[in-house]
Amino acid sequence: MAQNGFLVCTPLMAETVGEMLSQMQHAKDVGADCIEIRLDCLNEFNSATDLAQLLKARALPTIVTYRLKSDGGNCEVDEKKRLDTLSLAHDLGADFIDVELQVAFDFVSRMKDKKSSNCKVIVSNHINERTPSTEDLSHLIVKMQSTGADILKIVTTATNITDVSRVFQLIPHCQVPVIACVTGDRGLISQLLGPKFGGYLIYGSIGFGKDSTPGQPKLADLTGHYKIGRLNRDTKVFGVIANPVGHSKGPILHNQAFRETGFNGVYVPLLVDNLADFLKVYSAPDFAGFSVGIPHKEAAVTCCDEVQPLAKSIGAVNTIIRRQSDGKLIGYNTDCEGAISAIEDGLKGETGNINSESSSPLAGRTFVLVGAGGAGRALAFGAKQRGAKVIIANRNYERAKSLANSVGGETIPVDQLNSFRPETGAVLANTSAVGMQPNVNATPLSKEALGAYSLVFDAVYTPRETRLLREAKEAGKIVVSGLEMFIRQAIGQYELFTGNPAPTELMRKIVMKDF
């Protein structure tokens, strides 16, 4: 059990008893506090022998669940037989039994009539495809509590990340412990932040075979990257706002940096559809800061109460801080300096660099930029500020023209990139998503078109070496990975998040080791 008293539970959904026994040991080894035996997943389940074998072999506290297909489970069995099996689990010493609300009144009464036992009854209710209103959830909780349950479990579905807030709001008002799970990718924070908001138990999948629910975190991530046992009510929440967001390595980097420096914070992925709605709903002081990714960087400018002058000029915010003194949202841009300084350092090692040490190695060069989104805007303004001649190519040509006008640059159509021949010594910078996982074979520019460029930069860092960078290296060009931009902008974000100097060497080591 974690320091804060909550449990990390791993559902076991194997099809044979042997596989389930193996999964039990794996869950214990990876750090689970308890397991859930999903009897409905077993093929040819024999309650007389299999249940006793599983419970006898358990090495962790165990929840026994036997769910019908009509309730989101995997079996079709006579209801009396199912409830008799759950009753048998009680008699065999199960630590917890999960039973659905619709049969809970009779079942709980039946268990109370038995001799005293340490077995606790979890009364659960699953709501598919939606999360009810706060009022409806409150009424549901009252009904569930009236069954006499020891623990309540409510499972809903997130259609928007803001749905999770309604479930979090319920937990402190319940008379008994609550397991709250909001499924789907937009509901992931119901598990990652459950301990902070007082949840009794969170789920982490075993990571192979069947997973219990969509969007459920992996047990290894909960006990490894997140060290979830550290969370408490005072933990500050940070995260990366993007769509998609699953590729982000920010949680790996920031959570370890927080932990190693003793800062009580957690950094989570936030799959956000509407930035303004998200910031309005999650407005508590403990939601202290955010990284902002695609496609929200430009919208973030209008969502902040105040915007740093550089970020305002760029027209893109990649970092939002909630000022603790008044709760106002302050927008910053750490992308610009992060990327431009990485490119400059790459050029400084170039043989025959003629620029003086007092000027930027970008001064006087042609800077060809692919992409005109938030990151593209940051690089365009940064390159212009350093004295480069900026040329922009973007899938949306009008968007490229608008950005070019802002920095006194030029535009070329994307389909002319391969035939375009810039002046010798030019820099190519890709800030589009071309080449990002899973489309790793894509590239914004052919290898044959790289001839005049001295340096090639790719903001994409998943994979670490994109096709563009690999082919540029083969062509003898200086290459600068998006990881370098990521590290440098993250260092700036850490300092904004915590108000402390960043552990620069530590953060660099984390990225090079774990990415």
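Angles here run from 0 to 180 degrees between N-to-C directions, with axes fitted to C-alpha atoms. Keep that in mind for the helix packing. One caution before we start: this is a predicted model.

Let's begin with the sheet. It has 8 strands and it is open. The order is 7-6-5-4-3-2-1-8, and the pairing is parallel. Which strands stand at the edges? They are strand 7, residues 178–183, and strand 8, residues 201–203. Each has a single partner strand, so one side of each has no neighbour in the sheet. From one strand to the next, the twist averages 25°.

Zoom in on one pair. Strand 5 covers residues 120–126, and strand 6 covers residues 151–157. They run parallel, joined by 5 bridges. Look for Val 123: opposite this residue, in strand 6, stands Leu 152.

Now the helices. Helix 1 lies across strand 1, residues 7–12, and strand 2. To strand 2, helix 1 runs at about 160°.

Next, helix 2, residues 50–57. Its buried residues are Asp 50, Leu 51, Leu 54 and Leu 55. They cover an arc of only 120° around the axis, which puts them on the same side of helix 2. What covers them? The cover includes helix 1 (17–30), strand 2 (34–38), strand 3 (62–65) and helix 3 (79–91).

A general point helps here. An α-helix has 3.6 residues a turn, so residues three or four places apart point the same way.

On to helix 4, with 12 residues, 101–112. At 1.5 Å a residue, helix 4 should span 16 Å. Its end C-alpha atoms are 16 Å apart, which agrees. Which residues of helix 4 are buried? Leu 101, Val 103, Ala 104, Phe 107, Val 108 and Met 111. Seen down the axis, they fall within an arc of 135°, so they line one face of the helix. They pack against helix 3, strand 4 (96–100), strand 5 and helix 5 (134–145).

Last topic: the cysteines. How many disulfides does the structure hold? The count is 0. Take Cys 41. The closest cysteine sulfur to its own is in Cys 75, 8.7 Å away, and that is too far for a bond. The cut-off for a disulfide is sulfur atoms within 2.5 Å. Cys 41 is also buried, at a relative accessible area of 3%. Then Cys 303: it is in no disulfide either. Its nearest cysteine sulfur, that of Cys 304, is 6.9 Å away.

That's the tour. Thanks, everyone.

Conventions. Residues numbered from 1 in each chain as written. Predicted model: local features only at pLDDT ≥ 70, side-chain atom pairs only at ≥ 80, totals over all residues. Heavy atoms only, no water. Buried < 20%, exposed > 50% of the residue type's maximum accessible area, 1.4 Å probe, protein only. Helix = DSSP H or I, 4+ residues; strand = E, 2+ residues; numbered from the N terminus. Arc of directions from axis to C-beta. Contact = heavy atoms within 4.5 Å. Pairing = 2+ DSSP bridges. Expected span 1.5 Å × (residues − 1).
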